[in-house]
Amino acid sequence: MVYTLTALTGGTYLTFFLNHSIGMGGVLASSAVGLIAAWAFKKYAAAIYCGSFIGMACSIIFSNPLSLLLASIISGTLFILSSNMFVGFGGKLGFMAFAGTYSASAIIGTPLRTIDPLSRNLYFLVFLFVIIAGMATYFLQKALDIDAVTASALVGLVIALLFPDATHVVVVAAFCATFAGMVSPDRVTTYRQMLFLSILTGMLFVAAFSLFDGSGGKLGAIAFLATVSGSGMITGLKLIRKRLNRSTEKSYSI
């Protein structure tokens with residue numbers, strides 16, 4: 001428990017330093033920390049990656065180092081308590097990071113910001129990159145058997161490095177989609193289902209773009225809501241199909 005909290009907190013401060021002091025930007029900083037964690041600290045990779053999302057938070061809102069510590073403790077506690085809950089859903093780590101940063105901002109009295117909605121001119125690019133990133137992350141897991149943290153961080157890092165501006169909203173949206181792509185292939189079994197989750201992630205990203213600006217973990221929270229609700233829709237459709245098939249078989253037998 002102590003080591004997990006320490007790992008998560010370390011991921012928070014390292015990412016925050018790379019993000020703001022070095023000027024790497026949130027996506028580059030978080031994905032780099034995630035890759036280092038996955039390769040060098042496998043046992044605590046998920047905790048460190050979760051902390052890295054807190055480190056993506058705005059430096060104005062979390063200007064006091066103690067505010068980051070508070071967010072890390074809250075998220076770390078949730079991380080430990082929820083170890084057996086929502087297993088295999090993408091975005092779970094980010095959701096806990098968001099819970100920590102949101103709670104910390106409320107406690108210290110620095111509310112998160114509301115900004116202008118996403119420009120419609122960017123809709124196509126956002127959805128394109130969301131689909132590419134989500135499907136690529138899922139592919140790395142399903143086809144190449146790469147762990148979820150490495151798959152997400154690697155895709156995020158590559159897109160951030162290849163795009164002219166690593167802080168552009170398109171890169172941010174793609175990074176959000178990598179969290180949806182972290183969903184377990186045992187839970188989402190086909191690429192068609194993953195495509196559906198990616199599109200749903202894009203829709204939620206656009207809808208929530210203006211809300212909770214400056215928080216860490218917002219992207220993961222969006223992906224978490226997309227994978228949980230999307231998986232529920234997929235399961236519901238399967239049940240409806242089964243019942244329709246059974247009713248059809250009964251009608252033929254009669």
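A crossing of two helices counts as right-handed if the near helix is turned clockwise from the far one by less than a right angle. Keep that in mind for the first two close-ups, which, like the others, come from a predicted model.

**View 1. Helices α7 and α8, side by side.** Here α7 passes α8 in a right-handed crossing. Their axes come within 9 Å and cross at roughly 165°. Angles over 145 degrees count as roughly antiparallel, so α7 and α8 are roughly antiparallel to each other. On the α7 side, the contact uses Ser152, Val155, Gly156, Ile159 and Ala160. Facing them from α8 are Val171, Ala174, Phe175, Thr178 and Phe179. Sort that contact by class and you get 7 nonpolar and 3 polar residues, with no charged ones.

**View 2. Helix α1 packed on α3.** The axes of α1 and α3 (residues 45-54) sit 7 Å apart, at an angle of about 40°. That makes α1 oblique to α3. This crossing, too, is right-handed as α1 passes α3. From α1, the residues in contact are Thr4, Ala7, Leu8, Gly11, Thr12 and Thr15. The α3 half of the contact consists of Ala47, Ile48, Cys50, Gly51, Ser52 and Ile54. By class it's an even split of 6 nonpolar and 6 polar, and again no charged residues turn up.

**View 3. The largest pocket.** The largest pocket has a volume of about 530 Å³. Its lining runs to 27 residues, and Met56, Val172, Asp213, Gly214 and Ser215 lie nearest the centre. Four elements give two or more residues each to this lining: α1 (2-21), α2 (26-40), α8 (169-180) and α10 (218-253). The largest share is 3 residues, and it comes from α10. As for chemistry, the lining of the largest pocket breaks down into 15 nonpolar, 9 polar and 3 charged residues.

**View 4. The second largest pocket.** Next up is the second largest pocket, with about 390 Å³ of space. Of its 17 lining residues, Gly88, Phe89, Lys92, Ala148 and Met182 are the closest to the centre. The elements giving two or more residues to this lining are α5 (92-108) and α7 (148-162). It's α5 that supplies the largest share, 3 residues. Class by class, the second largest pocket is lined by 10 nonpolar, 6 polar and 1 charged residues.

Key:
Residues are numbered from 1 along each chain as its sequence is written. This is a predicted model: local features need pLDDT of at least 70, side-chain atom pairs count only at pLDDT 80 or more; totals for chains, interfaces and linings use all residues. Side-chain values use heavy atoms; hydrogens and water are left out. On a 1 Å grid over the protein atoms alone, a cavity is a set of points where a 1.4 Å probe fits but cannot get out, and a pocket is an open set with protein on both sides within 12 Å along at least five of seven lines; lining residues have an atom within 4 Å of a point. Grid points are joined across faces, edges and corners, and a volume is the space filled by probe spheres set on the points. Ala, Val, Leu, Ile, Met, Phe, Trp, Tyr, Cys and Pro count as nonpolar, Asp, Glu, Lys and Arg as charged, and the others, Gly among them, as polar. Axes are lines fitted to C-alpha atoms, for helices over the stretch in contact, and angles run from 0 to 180 degrees between N-to-C directions. Angles under 35 degrees count as roughly parallel, over 145 as roughly antiparallel, 65 to 115 as roughly perpendicular and the rest as oblique. Contact means heavy atoms within 4.5 Å.
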